[in-house]
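Please look through the sequence and the coordinates shown here before reading on. The paragraphs that follow move from one part of the fold to the next.

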Amino acid sequence: MNKIALIIKREYVSRVRNKAFILSTLLTPLLFAGLFGINIWMSIRGNNTSKHNIAVIDKSGIFKNNLKGTEELEFSFPEGVDTSNFIAKGYTDILLISDLSNPQGKTNYIIRSEKSLGYGLKKSVERRINAAIEDQRLQDNGIRKSQLDSIHKESQFAELKTEQLTNDNKATESNEGMATMIGYACGILIYITMLVYGMMLMRGVMEEKTNRIAEVIVSSVKPFQLMMGKIIGVGAVGITQFLLWIILMFVLITAAQGFIPHDVLEQAKTLQQNGGIMPGGGMVQASEGAQKLYAVTHSMNTANWPVIIGCFIFYFLGGYLFYAALFAAVGSVMEDIQASQNLTLPIMMPIIFSFVIMTSVIQNPTSPLAFWASIIPFSSPIVMMARVSFGVPGTVPYWQLATSMLTLAAGFIFTTWLAGKIYRTGLLMYGKKVSWKEMFKWAFRSN
């Protein structure tokens, strides 16, 4: 045990003092804090995206009073504007609407732009046109325009809030948008770090073998002790980096609050203290910036951070240990990194497939695919973290979480045993290309 501890210390200290570790530890939180701060700043300052001033050529004559704009779209019905001069007249786009007098023919709309609208704005224009046609059809059937305007105005204040029932039949607020964002973030981080730290471990083993350092080390320690020391040492580096990231992110986000205008910050705090209601009225009395800041902070407060952080650390460690043993085994049989693709691909493919499955699981975290992928050790580190963000025990019952953790631990024990036997033989073997078939023979042969 003392020898393993010495190897862990050597691996940990040598990597923590590395310039690449220091730079990535400092720059990654700055990048995330910068993106988060820009998002908050843009929310408070308003949407600075360019506005499209669209000239409408309406042959049907029904859109002038029914086609409503947005913050990004402004519709005008000018005279003397056509496709040849709309840019010179100061319009960014021109919308051509065919005659709607033929109810059996499909209506075509054409919009010409100096620059591309983009998919989101294109769909927004389509929705506005269809809403205008729907309003006109309702008016044709006897509903007054004043009634429609009143209905549209009232419907703008409708907001759907979701709640989940706990085991004691109490309702707790949930936030699917925040859960989706956390699920993606945790899944991507585990996906990247398992590959990065796994490849780091494999390269370290391979370099020691190529430089014949491994021969000197195994004269004092057993190959299995060397492998475990390297795996745990590199894993400790990863945990250290994650903890530093959490601390630095907290410091940076706290410091970023100093750039928020004082009145906006006070209004957001008041909204937070009063459940989204300003004293003497509703949320509409608060500034737009305060409302958006309150929405962001309130969404973050709905997440169960202790459970998310605890599960993240477990699944990062479990996933890393599960795959790291295999990466170490592959590194022990290689002498050239260029020839490693055939051996590393079977290890990397389950990680890649897990990420692909995660994107589907986030859309439906209670599906059979989500359940089984979060139980199987090959995919559970990424997939279960995507599910945990939606709530425990609401979306993920305790028994599923416990089963997932136990199977991952059992999987780590199996891959460590498997890799240990391969590592012991491959570490001192030179000048021979080894296949997975031969490696499995080493693993399962009796000694």
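How many disulfides does the structure hold? In this predicted model, the number is zero. A disulfide is a covalent bond between the sulfur atoms of two cysteines, and the cut-off applied here asks for a pair of cysteine sulfur atoms within 2.5 Å. For C186, the closest cysteine sulfur is the one in C311, and at 9.5 Å this is too far for a bond. Seen from the other side, C311 is likewise in no disulfide, the nearest cysteine sulfur being that of C186. Both cysteines are nevertheless covered: C186 is buried, with a relative accessible area of 10%, and C311 is buried as well, with a relative accessible area of 5%.

C311 leads on to the helices that surround it in the description. It is one of the residues of helix α10, which spans residues 305–332, that meet helix α13: V307, I308, C311, F312, Y315 and G319 on the α10 side are in contact with S380, P381, M384, M385 and V388 on the α13 side. The axes of α10 and α13, the latter made up of residues 380–388, come within 9 Å and cross at roughly 170°. That angle makes α10 roughly antiparallel to α13.

Helix α13 also has contacts with helix α14, residues 398–426, and here the two axes come within 11 Å and cross at roughly 160°. The pair α13 and α14 is therefore roughly antiparallel too, and the crossing in which α13 passes α14 is left-handed. From α13, the residues S380, P381, M384, R387 and V388 take part, and they meet Q400, L401, S404 and L408 in α14. How much of α13 is buried? The helix is mostly covered, with nine of its nine residues buried; among them are I382, V383 and A386.

A separate part of the fold is an open sheet, in which four strands follow the order β2-β1-β3-β4 with mixed pairing. Because β2 (73–76) and β4 (109–113) stand at the edges and have a single partner strand each, one side of each is left without a neighbour in the sheet. From one strand to the next, the twist averages 25°. The partner of the edge strand β2 is β1, residues 52–58, and these two strands pair in the parallel sense over four bridges, with A55 standing opposite S76 in β2. Helix α3, residues 119–140, lies across β1, β2, β3 (93–97) and β4, and its direction is at about 45° to that of β2.

Two single residues complete the tour. T344 is found in helix α11, which covers residues 341–363, and this threonine is buried, with a relative accessible area of 6%. Which residues is T344 in contact with, leaving aside its neighbours within four places in sequence? They are M202 and V330. I253, by contrast with no such burial, is partly exposed, with a relative accessible area of 29%, and its place is in helix α7, residues 223–256. Although I253 and L30 are 223 residues apart in sequence, their C-alpha atoms are 9.8 Å apart in space.

Definitions and conventions:
Residues numbered from 1 in each chain as written. Predicted model: local features only at pLDDT ≥ 70, side-chain atom pairs only at ≥ 80, totals over all residues. Heavy atoms only, no water. Pairing = 2+ DSSP bridges. Axes fitted to C-alpha atoms, helices over the stretch in contact; angles between N-to-C directions. Contact = heavy atoms within 4.5 Å. Buried < 20%, exposed > 50% of the residue type's maximum accessible area, 1.4 Å probe, protein only. Parallel < 35°, antiparallel > 145°, perpendicular 65-115°, else oblique. Left-handed = near helix turned anticlockwise from the far one by under 90°.
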